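Here are my notes on the model, as numbered points. Please keep the structure open while you read.

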Amino acid sequence: MRADFRAGERVRVRAVDPEGHTRVPRYVRGQVGRIVECQGRWALADEIAAGVAEPRVEPVYTVAFAAGDLWGEGGHEVTVDLWESYIERVREDGA
Amino acid sequence: MSGEHTSTPVAARVRRLEARLTGAGVVTEEQLDAALAAMLEGASPVNGARIVARAWTDPGFRERLLADANAALPEVGFSMAGGIQEQRLKVVENTATTHHVLVCTLCSCYPIGLLGPSPSWYKSEAYRSRVVREPRAVLAEFGLELPDDTTITVWDSSAESRYMVLPRRPEGTGGRSEPELAALVTREGLIGTAAV
């Protein structure tokens, strides 16, 4: 199974606000998290909702976010399940 | 548009769809009722409790369950294949130093087959918005006070996986049988808003 991201890698959630349905919770948009694992591959919910005849099938990852990054406080972690096109690699220099 | 659903327009849409389907003779009310009944038949937290009791008494099963829950479930007579497609299940284990709690911030995703229909608070905006931000305070309101050094992970099921918590086995239950142990496990324990 081809998956672009590996466990432990840092990724940023694309800060988009699409017109239609998406499964990116608003509170993680633009945030940096850590790949926990690849869960498998599923059709992209956004394209299913938009009625695309053959929706893209992509890896879905468990991504962990530190509460301090999300909310500026708290010692817990929140994991969110994200399709591959929702995330992008964070470069070593943090950009 | 945000990633949120509101239940009212969806419910109205479902009713219109039902009316069109039955009006066109595609399905009957009886067939729809039977399909719903089949989905909910046997859906109960008793199922999750049985899985937990087996994991507490069989270390090999516990390992297999945590590594690949879908592959381990048939050992106790369950599967995640009750819906349109098999759903992935991830079981997360509470320990002396880690605590897990489940939420679906976008809507109300929940492993219905293993936990039964979800409680109304699980679908409330208050729970969904607060537990990701201040889980320790929310859990305290449920009556669960966790030590300061317990690491908390909140699992937001935003895609195709469903989650279940494997609670800690209570102290002093060494001699109990599997059914006796299963009887101790609550729905809240399987969601992570209570200890067992």
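1. **A strand pair in chain B.** Start with B:His99, which stands opposite B:Ile152 in E3(B). This is a predicted model. E2(B) and E3(B) run parallel and are joined by 6 bridges. Strand E2 of chain B covers residues 98–103, and strand E3 of chain B covers residues 151–156. In E2(B), 5 of the 6 residues are buried, so the strand is largely enclosed by the rest of the structure.

2. **Across the chain boundary.** What does E3(B) pair with in chain A? The partner is strand E4 of chain A, residues 77–83, with 4 bridges in the parallel sense. One residue pair to look up is A:Val80, whose bridge partner in E3(B) is B:Asp156. As general background, strands of a sheet pair through backbone hydrogen bonds, either parallel or antiparallel.

3. **The sheet as a whole.** Follow these strands outward and you reach an open sheet of 7 strands. Its order is E5(A)-E1(A)-E2(A)-E3(A)-E4(A)-E3(B)-E2(B), and the pairing is mixed. The edge strands are E5 of chain A (87–89) and E2 of chain B, each pairing on one side only. Direction ignored, neighbouring strands of the sheet are turned by 35° against each other on average. Note the combination in E2(B): it is an edge strand of the sheet, and yet it is largely enclosed.

4. **The chain A end of the sheet.** Which sense does the pairing of E1(A) and E5(A) take, parallel or antiparallel? Strand E1 of chain A (residues 10–13) and E5(A) pair in the antiparallel sense, over 3 bridges. Within that pair, A:Val13 has A:Ile87 of E5(A) as its bridge partner.

5. **The interface.** On the chain B side, 20 residues are in contact with 21 residues of chain A. Strand E3 of chain B supplies the largest share of the chain B side, 5 residues. By class, that side has 8 nonpolar, 7 polar and 5 charged residues. So E3(B) deserves a careful look: it bridges to E4(A) and also to E2(B).6. **A residue by the boundary: B:Thr105.** B:Thr105 sits in the loop between strand E2 (98–103) and helix H6 (112–115) of chain B. Is B:Thr105 buried or exposed? It has 24 C-beta neighbours inside 10 Å and therefore counts as buried. Setting aside neighbours within four places in sequence, its contacts are A:Pro25, B:Arg128, B:Val132 and B:Asp156. One of these, A:Pro25, belongs to chain A. Another, B:Asp156, is the bridge partner of A:Val80. B:Ala24 lies elsewhere: 81 residues from B:Thr105 along the chain, with 36 Å between the C-alpha atoms.

7. **Chain B overall.** Chain B has 10 helices and 4 strands. From the N terminus, its elements run α-α-α-α-α-β-β-α-α-α-β-β-α-α. The chain is divided into domain 1 (7–40) and domain 2 (45–191). How far apart are the centres of domain 1 and domain 2 of chain B? Taken over C-alpha atoms, 30 Å separate them. Along its principal axes, the C-alpha trace of chain B spans about 60 × 35 × 25 Å. Of its 196 residues, 34% are buried. Among contacts in chain B with a separation of 6 or more, 69% are between residues 24 or more positions apart.

8. **Chain A overall.** Chain A has 2 helices and 5 strands. Their order from the N terminus is β-β-α-β-α-β-β. The radius of gyration of chain A is 14 Å, close to the 12 Å that the globule rule gives for 95 residues, so the chain is as compact as a globular protein of that length. Its C-alpha atoms fill a box of roughly 40 × 30 × 25 Å along the principal axes. Buried residues make up 32% of the 95 in chain A. Of the chain A contacts with a separation of 6 or more, 56% come from residues 24 or more positions apart.

9. **A loop residue in chain A: A:Leu44.** Finally, look at A:Leu44, in the loop between strand E2 (32–43) and helix H1 (45–49) of chain A. Why does A:Leu44 count as buried? Because it has 21 C-beta neighbours inside 10 Å, and the cut-off is 20 or more. Beyond its neighbours within four places in sequence, A:Leu44 is in contact with A:Pro55, A:Arg56, A:Glu58, A:Trp83 and A:Ser85. Of these, A:Glu58 is 14 residues away in sequence and 6.6 Å away in space, C-alpha to C-alpha. A:Trp83 falls within strand E4 (residues 77–83) of chain A, the strand that pairs with E3(B).

Key. Residues numbered from 1 in each chain as written. Chains lettered and ligands numbered in written order. Predicted model: local features only at pLDDT ≥ 70, side-chain atom pairs only at ≥ 80, totals over all residues. Contact = placed C-beta atoms within 7 Å. Nonpolar A, V, L, I, M, F, W, Y, C, P; charged D, E, K, R; others polar. Pairing = 2+ DSSP bridges. Rg over C-alpha atoms; globule rule 2.2 N^0.38 Å. Buried ≥ 20, exposed ≤ 12 C-beta atoms within 10 Å, placed from the backbone. Domains from an automatic or database assignment. Axes fitted to C-alpha atoms, helices over the stretch in contact; angles between N-to-C directions.
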